[in-house]
Structure formats: C-alpha cells, structure tokens
Amino acid sequence: MRIAILDDYQHVALQSADWRAVEARADVTVYADHIADEVALAERLRDAEIVVAMRERTPFPRSLFERLPNLRLLITTGMGNAAFDMAAAREHGVTVCGTGGLGYPTAELTWALILALARRVPAEHEAIRAGHWQTTLGEGLNGKTLGVIGLGRLGGQVATVGKAFGMDVIAWSQNLTRERSDALGVALAGSLDELLERSDFASIHLVLSARTRRLIGAAQLGRMRPSAYLVNTSRGPIVDEVALIEALRTHSIAGAGLDVFDVEPLPAGNPLIGLENVVLTPHLGYVTKETYDVFYGDAVEDVIAFLDGAPVRVLGG
C-alpha cells in the first residue's frame with residue numbers, strides 16, 4: 001500500500017502524529033512542495049492508493065480522479081473540502097474521509113491582522129530593523145466600528161473579541177437573523193452596503209459558495225470610507241481581487257489584512273505583494289501546532305480504519 005501526504009509545507013506531518021502503525025502496513029511518502037500542474041501531479045500520485053491532502057491546497061477535480069486509477073482513499077483535513085469533486089470520487093470508487101479540527105485559530109489570526117493594521121506593526125518592525133524609531137502613527141480600536149460579515153462560529157468569536165476591545169460591533173450575512181445577533185449583543189446591519197459604510201474594520205467570515213463568490217467587488221469597496229480596512233481570513237474569491245488591488249492602490253480604502261487569495265500559494269508577481277497598505281499572511285488561519293495535531297492524528301485513524309475495512313469520518317455519504 002502506497003500513501004502520499006501532500007503539501008506538508010512546514011515538514012511537520014510525520015511529527016504531528018504517531019504514524020508507526022501506518023508505516024508498519026504501508027509505504028508513506030511526504031511531499032513538502034506544491035504542484036499546481038495536474039499532469040505533473042498525476043504523475044507524482046500515479047502509484048498512490050491513499051492520499052492525505054491538507055485542506056484545499058491541492059484540488060481534486062474530476063479530471064484528476066480520471067488520471068489516478070489506483071486511488072482508493074482520499075483524506076482531507078477538516079470535515080469538508082470545496083476543492084474535491086465528491087461526485088467524481090464516488091464514481092471512481094474513491095472513499096473520502098475527513099478529520100476533526102479546532103474552532104478558534106482563524107478567529108485569533110483575524111485579530112492579529114486587525115491589530116497589525118491598526119498599530120502599523122509590520123511597518124514599525126521593519127523600521128526598527130532599519131535603525132529608525134516611531135515612524136508611523138497607529139490608531140486605537142476602542143470606540144471604532146467593527147463590521148462582521150458572517151456571524152457564524154468564527155464570526156461570532158471575532159465579534160465577541162471586538163466587544164472586549166470596546167468596539168461597536170455590527171454584523172450582516174444573507175442568512176443572519178436578529179435572534180442570532182441579539183444573542184451575541186451585536187447590532188444587525190440592514191444590508192452589506194450599510195455594514196461597509198459604517199465599518200472602520202470589516203472582517204469576512206463566510207463560506208465560499210456561488211452566492212458569496214465576488215460578493216465584495218468594486219461597488220461594495222466603494223461604499224467603504226478612505227479610513228476603513230478590510231480583513232479576509234475566509235476565502236480569497238469572496239472578494240474581487242482586481243477591484244481590491246485598485247482600491248488599495250488609489251487609497252480609496254486605508255488598507256487590508258489578507259490571509260487568503262484567489263491563487264495559493266500567492267504568485268510572486270501578484271500586485272498585492274508590492275503594496276504598502278496591506279498585511280499579508282500565507283493562509284495561516286488554521287495553521288497551528290494544535291490544529292495539525294488533530295488533523296494528522298485523525299488522518300492516521302482514517303488510514304488504519306480504512307485498511308481494517310471499516311472507514312470512519314466518511315464524507316459525502
């Protein structure tokens with residue numbers, strides 16, 4: 001049995017769980033690099049019967065399943081993966097299993113980005129390294145308005161922290177009810193436009209879907225004040241990246257904190273990299289030691305259960 005572990009960027013997959021029971025029954029190969037080209041990826045995986053994928057780093061469309069006749073088990077970290085064609089998996093006889101996860105790291109990173117923007121942390125860090133002292137003027141959060149776009153599990157955590165900072169918190173999403181906003185003590189905005197107009201910091205916490213893709217484009221960014229910031233730790237395509245780059249270049253908004261992008265890893269020539277009014281992180285929302293311990297620990301359980309003929313955490317029925 002051949003097992004491939006994909007996209008282990010930090011070289012920690014085998015240290016995050018006890019793989020000895022798996023290695024006694026299978027050959028495990030770990031790949032730290034990312035292959036975007038489907039033909040090259042299929043060649044790498046052509047002998048693999050089990051593949052462990054990290055979130056949506058590597059998509060598995062129908063065309064890839066067609067190139068992998070030996071594949072029997074595909075594991076995603078987390079209990080869902082929008083980049084997997086589940087119908088194609090079923091049709092090709094591939095079992096798809098998930099893992100548990102943790103519900104707080106992305107909310108924590110959201111606040112790292114908000115604070116980095118407000119207090120100019122990256123700029124001041126670089127200034128000290130260059131021999132300078134106090135080169136910018138930051139701003140406080142107390143009394144500012146935080147707009148939370150999506151008040152689910154993560155959005156609710158972000159809203160709660162915003163209130164602890166003394167911020168006025170408002171929220172909106174297509175499905176948000178007054179009962180939910182009242183339960184968290186958060187004001188319900190009448191529309192996305194209203195939220196963007198009122199917010200000093202607008203933070204996105206939505207699932208990427210047909211109705212949220214490009215939800216925030218040029219028109220919506222135009223509703224924001226020149227002093228306002230946009231933070232996205234959800235999925236890149238929720239925001240029109242071209243429109244966001246233009247808004248940042250022209251300073252029609254003050255800045256953005258971005259953990260997610262249209263193409264990941266972010267290509268070296270992407271214009272966002274050269275902008276001074278952004279804080280960029282490489283999709284770190286879920287990337288913590290604690291999360292990886294759960295991800296890979298459960299992946300080991302998934303493999304053993306599959307080899308024993310009793311798969312667990314099976315996705316898609």
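**Exercise 1. Two loop residues with unusual backbone angles**

Find aspartate 7 in the loop between strand S1 (2-5) and helix H1 (20-23), then work out how its backbone and burial compare with those of histidine 11.

*Solution.* Keep in mind throughout that this is a predicted model.

Step 1. Start with the location of the second residue: histidine 11 is also in the loop between S1 and H1.

Step 2. Read the phi angles. Aspartate 7 has a phi near 55°, a positive value in a residue other than glycine. For histidine 11, phi is near 60°, again positive in a residue other than glycine.

Step 3. Put this in context: most residues other than glycine have a negative phi.

Step 4. Check burial. Aspartate 7 counts as buried because its relative accessibility is 2%, and the cut-off for buried is under 20%. Histidine 11 counts as exposed because its relative accessibility is 55%, and exposed means over 50%.

**Exercise 2. The sheet and its strand S9**

Trace the order of the strands in the open sheet, then describe how S9 sits among its partners.

*Solution.*

Step 1. Lay out the sheet. Seven strands run in the order S8-S7-S6-S9-S10-S11-S12, with parallel pairing. Strand S8 (187-188) and S12 are the edge strands, each pairing on one side only.

Step 2. Look at the partners of S9 (residues 201-204). S6 pairs with S9 in the parallel sense over four bridges. S9 and S10 also pair in the parallel sense, over four bridges.

Step 3. Match individual residues. On the S6 side, glycine 147 stands opposite alanine 202, and valine 148 stands opposite serine 203. Towards S10, the bridge partner of alanine 202 is leucine 230.

Step 4. Recall a general rule: in a regular strand the side chains alternate between the two faces of the sheet.

Step 5. Apply it to S9. Phe201 and Ser203 are on one side, Ala202 and Ile204 are on the other, and all are buried. Both faces of S9 are thus covered.

**Exercise 3. The surroundings of phenylalanine 201**

Which residues does phenylalanine 201 contact, leaving aside its neighbours within four places in sequence?

*Solution.*

Step 1. Place the residue: phenylalanine 201 is in strand S9. Because its relative accessible area is 1%, phenylalanine 201 is buried.

Step 2. List the contacts. They are Ile114, Ala118, Leu141, Thr145, Leu146, Gly147, Met167 and Tyr229.

Step 3. Follow one contact into a helix. Isoleucine 114 is in helix H5 (residues 105-118) and is buried, with a relative accessible area of 0%. Isoleucine 114 and phenylalanine 201 are 87 residues apart in sequence, with their C-alpha atoms 7.6 Å apart. Isoleucine 114 also touches Leu141, Leu146 and Val231, among residues over four places away in sequence.

Step 4. Follow another contact into a strand. Threonine 145 is in strand S6 (residues 145-149) and counts as buried at 14% relative accessibility. Its contacts beyond four places in sequence include Met167, Asp168, Arg198 and Phe201.

Step 5. Try a pair that is not on the contact list. The C-alpha atoms of phenylalanine 201 and alanine 243 are separated by 18 Å, and the two are 42 residues apart along the chain.

**Exercise 4. Helix H5 at the surface**

Is leucine 115 buried, partly exposed or exposed, and which patch does it join?

*Solution.*

Step 1. Leucine 115 lies in helix H5.

Step 2. With a relative accessible area of 31%, leucine 115 is partly exposed.

Step 3. Leu115 forms a nonpolar surface patch with Val161 and Phe165, with about 200 Å² of accessible area together.

**Exercise 5. Helix H11 from cap to exit**

Walk along helix H11 (residues 241-249), noting how it begins, what it packs against and what follows it.

*Solution.*

Step 1. At the N-terminal end, aspartate 240 caps H11: a side-chain oxygen lies 3.1 Å from the backbone nitrogen of valine 242.

Step 2. Within the helix, Glu241, Ala243, Leu244, Ile245, Ala247 and Leu248 are buried.

Step 3. These buried residues pack against helix H10 (218-221), strand S10 (229-232), strand S11 (255-258) and strand S12 (278-280).

Step 4. Just after H11, histidine 251 takes a positive phi of about 60°.

**Exercise 6. A peptide bond to look up**

What is the form of the peptide bond from glutamate 264 to proline 265?

*Solution.*

Step 1. Proline 265 lies in the loop between S11 and S12.

Step 2. The bond from glutamate 264 to proline 265 is cis, with omega near -5°.

Step 3. For comparison, most peptide bonds are trans.

How values were computed
Residues numbered from 1 in each chain as written. Predicted model: local features only at pLDDT ≥ 70, side-chain atom pairs only at ≥ 80, totals over all residues. Heavy atoms only, no water. Buried < 20%, exposed > 50% of the residue type's maximum accessible area, 1.4 Å probe, protein only. Contact = heavy atoms within 4.5 Å. Patch = residues over 30% accessible without salt bridge, like charges linked within 9 Å, V, L, I, M, F, W, Y side chains within 5 Å. Areas by Shrake-Rupley, 256 points an atom, 1.4 Å probe, with all protein chains shown as cover. Salt bridge = Lys/Arg side-chain N within 4 Å of Asp/Glu carboxyl O. Polar contact = N/O pair within 3.5 Å; in protein donor to acceptor, adjacent residues only side chain to side chain. Pairing = 2+ DSSP bridges.
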